[in-house]
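Work through the exercises below with the sequence and the model open beside you, and try each task before reading its solution.

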Amino acid sequence: MNQYQEISLNGIWKNNPALVQLLGLCPLLAVTGSFVNAMGLGLATMVVLIGSNVSVSIIRNAVSDAIKLPAFVMIIASFTTCTELLMQAFTYELYQILGIFIPLIVTNCSILGRADAFASKNKILPSALDGFMMGLGFLLVLLLIGGIREIIGNGTLFANMHLLFGEAAKNWTLHIFGEQYKGFLVAVLPPGAFLVAGLLIALKNITDAKIQQRLAQNKVKVAKGSKRVRTTGQIA
Amino acid sequence: MALLKITSPHVHGTNSTSRVMAKVALACAPGIMALTLWFGFGSLCNIILCIGFCLSFEAIALKLRQRDVRFFLSDFSAVVTALLLGIALPPFAPWWLIAIGSFFSIVVAKQLYGGLGFNPFNPAMVGYVVLLISFPVEMTTWLPAMANSQGLGTIEGLAQVFAGHAFTSLDAYTGATPLDIVKQNSSAVLSDLYQQQSVFKNSHFAGTGWEWVNLAFLGGGIYLLWRKIFTWHAPISMLGTLAVLSALFYDGGSSSSPGSPLLHLFSGGTMLGAFFIVTDPVTSAVSNKGRVVYGIGIGALVFVIRAWGNYPDAIAFSVLLMNFAAPFIDYYTQPRTYGHVKKPGKPSQK
């Protein structure tokens, strides 16, 4: 597995910011009431994450350890402000719905975490990929939680997608349980976020345990008393 | 004659989980009878459905967790949870409401945490709160007392439960509870409310039917106290706090009064809560001193939410909030172990 594959696997599965590192829980729990909200915030976070990772990687040799963190926060804050202004310009309604959670991307620990743990020690290209993959991992979890909560809570999926994709997306709304579905409010309310996130984490842990089990089974068992073979020289 | 060699302890308690649970279920009987007498057989219908759903969910969850299904089902704890949930739900609740409530009570609040004894929250109250915040309309349509004798037939009731048909004349059969009326009193003085509103017709102090239901639960609670199923600390401190607070804020019954102490003690779910929910040994504080603090907390929260909160009744929310606090209370009310000196202000470290 080369470096880039490892970075990708880390971001999406092994070290997923939402399910494993449990960072950025505040937006994860607060804005995943519907698919479109989750997507909006997930994309915004991803953009900031890529931007900050690349910038941090560029200046990594120029800043001393003493002022490292303030510099990173400044960079992240600038990208967040850019994203906020962009959303204000192009997706104004979604900007209003997400409200305080867009400026709060600054405080998303996973962004500062990646800047400090990865980008400040790596070259530009791996840092950019790390930002993209971590952002993608976060976005996928947000979408999953948002989708599940929207389906259970309102019985719809892809409602209000025109906020993000323009007029063409107006009739994307799917009514999963028919139009008469009353809605199960608790899924849209804060407790639903905790429940769905908790169940997803449990699901990931079960999957990992299953994979481990299978790997252990497939391993060739070494018979007792068998001896090691020492090879010397190169095998062509 | 061979002497039997038995080591101590020589006297065994006869209580087991299933015996305790059976006694609790028995103590619910007068309350359920009062509910049936005044509000029709809707509560009975709820309870039967609840027991069915709860036992099925419990069996499925135990099976999935690879536990001994028959052993854990026969401890009756799921039955007691089902009873409490069924009593708390409005009569003739639709079947899907009961199914969802039972699922959250048994699977989410109890089995996901590891089964009986490991649940930090009271299962029946978790189910009830999930339903209350998810389906406010269905959860607040109580029948007025004596609906049964006014001609709410069996067929109509069952149609409501299973087919989701609203009663043909639903409005005639649903009514606000006394606590609702006092809360949304539309600036009337309490004595006027007592005369005008039908929920107080023929009532002595806390609303037609409600006072009898609460008295019946009080009776059941006293039976359990007598059988030493729980100690007096939690229920008495809860009721005492509620009584003191409601007396302090009663102000003689003006239009902004939150209601008299008798109304608060004998209306809504007060007695059911005090003797059947607050006393849950798993989710309450452990020591006697801790139970007093726990009960005071619940009593105060009930009054605060009833008087100034958004919900007319507050037993479930208060109990869940204090369940959160129970481990914390335990930490600060550890009893002194025999032979140890307690250091002031510091819980003893093990």
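Helices and strands are here DSSP runs, of at least four residues for a helix and at least two for a strand, and they are numbered from the N terminus. The model is a predicted one.

**Exercise 1.** Locate A:Asn160 and A:Phe158, and decide what their backbone and surroundings have in common.

*Solution.* Begin with the position: A:Asn160 is found in the loop between S1 and H8 of chain A, and A:Phe158 lies in the loop between strand S1 (156-157) and helix H8 (162-165) of chain A. Next, consider the backbone, keeping in mind that most residues other than glycine have a negative phi. For A:Phe158, phi is near 60 degrees and thus positive, in a residue that is not glycine; for A:Asn160, phi is likewise near 60 degrees, again a positive value in a residue other than glycine. Finally, count neighbours, for which the cut-off is that a residue is buried with 20 or more other C-beta atoms within 10 Å and exposed with 12 or fewer. A:Phe158 has 18 other C-beta atoms within 10 Å and is therefore partly exposed, while A:Asn160, because it has 19 C-beta neighbours inside 10 Å, also counts as partly exposed.

**Exercise 2.** Check the span of helix H4 (residues 68-90) of chain A against expectation, and find what its buried residues pack against.

*Solution.* The helix has 23 residues, so at 1.5 Å a residue it should span 33 Å, and its end C-alpha atoms are indeed 33 Å apart. The buried residues of H4(A) are A:Phe72, A:Ile75, A:Ile76, A:Phe79, A:Thr80, A:Thr83 and A:Met87. These buried residues pack against helix H3 (35-58), helix H5 (92-98) and helix H6 (109-117) of chain A.

**Exercise 3.** Describe the setting of helix H6 (residues 123-134) in chain B, starting from the chain as a whole.

*Solution.* Chain B contains 17 helices and zero strands, and 47% of its 350 residues are buried. Of the contacts in chain B with a separation of 6 or more, 73% join residues 24 or more positions apart. Turning to H6(B), its twelve residues reach 17 Å from the first C-alpha to the last, close to the 16 Å expected. Eleven of the twelve residues are buried, so H6(B) is largely enclosed by the rest of the structure; among them are B:Pro123, B:Gly127, B:Tyr128 and B:Ser134. The packing partners of the buried residues include helix H9 (185-188) of chain A, as well as helix H4 (77-88), helix H5 (95-111), helix H7 (136-139), helix H15 (270-277) and helix H17 (315-332) of chain B.

Technical notes: Residues numbered from 1 in each chain as written. Chains lettered and ligands numbered in written order. Predicted model: local features only at pLDDT ≥ 70, side-chain atom pairs only at ≥ 80, totals over all residues. Contact = placed C-beta atoms within 7 Å. Expected span 1.5 Å × (residues − 1).
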